[in-house]
Amino acid sequence: MSRVKGSIVFTDLDGTLLDHDDYSFSAAAGALEALKREGVPIVPVTSKTKAELLSLRDAIGLETPFVVENGAGIYIPKGYFLFNDDSLIDAGSYWCKRFAPPRSELTELVMSAPEVLRMSMRTFSEMTILELSELTGLTEAQAELAAAREFSEPIEWTGEDSDASELKDYARQHGYDLIKGGRFFHLTNGYDKGQALYWLKQQYSRANPNQAQFAIALGDSANDIDMLEAADQAIIIKNPHSKTIELAPGIPVIRSAQAGPSGWAESLSSFLNLDLP
Ligand SMILES: [Mg+2]
């Protein structure tokens, strides 16, 4: 059990803790219980919005901080850390740490892209709730929560994947980067899931000065690479729907044999030697 103490689990959701197709986490329920019993914080790090995450967080039974919109923002329940930080914004029952520019700045950048690029893309703001629901398989109620973005403007790319590099060049000319999540592309101005992990790990260290913190990150797609590389232990969850991701040399990495929540449970139980119920 020595690895458990000081461990923090940072986890992607879609295709990692949640099944790619039906968004269920039931295959990981036993491992989640075991981690909670051991007092290991489980921090969701996702491209989802706060609105989407709140009910899911309740369903999983988490009371920890959470990272939304690919690292653009972090929400910390008030009273979770017993210190304050001037950079935090008051957001009701949470403190919010913001890394992203206003969404309007991103929308404007996309709208002013060259016509040849605009023809192959559609942003969330350009879709109706019904279109978004059809595209993602979410119900209309869920799609409405997904559309309630505070920090980012996901893009559906309808052209060839190779041509998305021209969109990436356009983004870079304007000081942004383009990264691919499970289904959508995302513009960022330098923030990523890795920066969010690093910042939160520092807060955990500050809260527990006598206990070394050990960050374990789990993810399945390209937008998880920064987080996986920022962790002390990376766990890559098998994703049969997309190509295998590679990390920089020297990063300690485990690759799960199974996909989604089954792979999540399998890798964490074995790495942390958890007693599953
Ligand atoms: Mg994923």
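Contact here means that heavy atoms lie within 4.5 Å of each other. The legends below describe close-up views of a predicted model.

**View 1. Trp-264 and its surroundings in the largest nonpolar core.** Leaving aside its neighbours within four places in sequence, Trp-264 is in contact with Val-9, Thr-11, Thr-16, Leu-17, Ala-28, Ala-31, Leu-32, Leu-35, Ile-42, Leu-218 and Ile-237. The largest nonpolar core has 60 residues, and Trp-264 belongs, together with Phe-10, Leu-35 and Leu-268, to those with the most contacts inside it. A second core, separate from this one, is made of 16 residues, among them Ala-113, Met-121, Phe-185 and Leu-187.

**View 2. The open sheet of 5 strands with parallel pairing.** The strands follow one another in the order β2-β1-β11-β12-β13. At the edges stand β2 (42-44) and β13 (253-259), each of which pairs on one side only. From one strand to its neighbour the turn is 20° on average, when direction is ignored. Strand β12 (residues 233-238) is joined to β11 by 4 bridges in a parallel arrangement, and Gly-219 stands opposite Ile-236 of β12. On going from β12 to β13 there are again 4 bridges between strands that run parallel, and here Ile-235 is found opposite Ile-254 in β13. Helix α10 (residues 260-272) packs on this sheet, where it touches β1, β2, β11, β12 and β13, and its direction makes about 135° with that of β13. Strand β12 is mostly covered, since 5 of its 6 residues are buried.

**View 3. The open sheet of 4 strands with antiparallel pairing.** In this sheet the order of the strands is β3-β4-β6-β5. Because β3 (66-68) and β5 (89-91) stand at the edges and have a single partner strand each, one side of each is left without a neighbour in the sheet. The twist from one strand to the next averages 30°. Strand β5 pairs with β6 (residues 94-98) in the antiparallel sense over 3 bridges, and Ala-91 stands opposite Tyr-94 in β6. Helix α2 (residues 50-60) packs on the sheet and touches β3, β4 (73-77), β5 and β6, while its direction makes about 145° with that of β3.

**View 4. The magnesium ion and its protein donors.** Asp-12 and Asp-220 each contribute an OD atom and Asp-14 contributes its O atom, and these donors lie 2.1 to 2.2 Å from the magnesium ion. Along the sequence, the donor residues are spaced D-x1-D-x205-D. Asp-12 has a relative accessible area of 5%, which is under the 20% limit, so this residue counts as buried. Asp-14, by contrast, counts as partly exposed, because its relative accessibility of 24% falls between the limits of 20% and 50%.

**View 5. Asp-224 and its contact with Lys-193.** Asp-224 has its place in the loop between β11 (214-219) and α9 (225-230). The relative accessible area of Asp-224 is 0%, so the residue is buried. Its side chain makes a polar contact with the side chain of Lys-193, at 2.6 Å. When residues up to four places away in sequence are not counted, Asp-224 touches Asp-12, Lys-193 and Gly-219; of these, Asp-12 is also one of the donors of the magnesium ion.

**View 6. Asn-84 in the loop between β4 and β5.** With a relative accessible area of 48%, Asn-84 is partly exposed. Apart from its neighbours within four places in sequence, Asn-84 is in contact with Trp-95 and Arg-206. Asn-84 and Ala-215 are 131 residues apart in sequence, and their C-alpha atoms are 22 Å apart in space.

**View 7. Tyr-23 and Asn-70, two residues with positive phi.** Tyr-23, which is not a glycine, has a phi near 60° and lies in the loop between β1 (7-11) and α1 (29-37). Asn-70, likewise a residue other than glycine, has a phi near 65° and has its place in the loop between β3 and β4. With a relative accessible area of 2%, Asn-70 is buried.

How values were computed: Residues numbered from 1 in each chain as written. Predicted model: local features only at pLDDT ≥ 70, side-chain atom pairs only at ≥ 80, totals over all residues. Heavy atoms only, no water. Pairing = 2+ DSSP bridges. Helix = DSSP H or I, 4+ residues; strand = E, 2+ residues; numbered from the N terminus. Axes fitted to C-alpha atoms, helices over the stretch in contact; angles between N-to-C directions. Donors = N, O, S within 2.8 Å, 3.2 Å for Na, K, Ca; no water. Buried < 20%, exposed > 50% of the residue type's maximum accessible area, 1.4 Å probe, protein only. Core = buried A, V, L, I, M, F, W, Y, C linked by side-chain atoms within 4.5 Å. Polar contact = N/O pair within 3.5 Å; in protein donor to acceptor, adjacent residues only side chain to side chain.
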